[in-house]
Amino acid sequence: MTTQNPYTVEAWKQHFPEEMGANPVIPVSAVYELLDNAADSWGDATAMTFEASKKAGKRKFSWNEIKQMSDHIGHGLQNKGIGTGDKVAIMLPNSPFYLA
């Protein structure tokens, strides 16, 4: 039996959303702009599925939810005086908040 190499392009394509196409064009822009565009385009569609534990089960996050989390974190940082060009370290356990 031949096993497919999981690191080949074909392996990831089978899990890639068809509506995005196999070779999406990703414009050069700030991350928040990419997230805004994704939320505008796909809104309530699932952006990621996170499984915290077998007991807790899986939780799906939409593009709108991730954008909302990102905006909330961004406003919190701004309220603390963090601005453009400032460096911020992130120290989190494995969680969906890395995307925000």
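A pocket is an open set of points on a 1 Å grid over the protein atoms alone, with protein on both sides within 12 Å along at least five of seven lines; its lining residues have an atom within 4 Å of a point. Its volume is the space filled by probe spheres, of 1.4 Å, set on the points, which are joined across faces, edges and corners.

The model is predicted: local features need pLDDT of at least 70, side-chain atom pairs count only at pLDDT 80 or more, and totals for chains, interfaces and linings use all residues. Residues are numbered from 1 along each chain as its sequence is written, and side-chain values use heavy atoms, without hydrogens and water.

Select first the largest pocket, which holds about 890 Å³ of space. Its lining comprises 28 residues, with Ser70, Ile73, Gly74, Leu77 and Ala100 nearest the centre. Helix 3 provides the largest share of that lining, 10 residues (helices are DSSP runs of H or I, at least four residues, numbered from the N terminus).

Select next helix 2 (residues 31-42) and helix 3 (residues 63-79), which pack at about 145 degrees with axes 8 Å apart (axes are lines fitted to C-alpha atoms over the stretch in contact; angles run from 0 to 180 degrees between N-to-C directions). Leu35, Asp36, Ala38, Ala39 and Trp42 of helix 2 meet Trp63, Asn64, Ile66, Lys67 and Ser70 of helix 3, contact meaning heavy atoms within 4.5 Å.

Finally, centre on Ser70 in helix 3. Ser70 counts as buried because its relative accessible area is 16%, under the 20% limit (1.4 Å probe, protein chains only). Beyond its neighbours within four places in sequence, Ser70 contacts Leu35 and Ala100.

Key. Helix = DSSP H or I, 4+ residues; strand = E, 2+ residues; numbered from the N terminus. Buried < 20%, exposed > 50% of the residue type's maximum accessible area, 1.4 Å probe, protein only.
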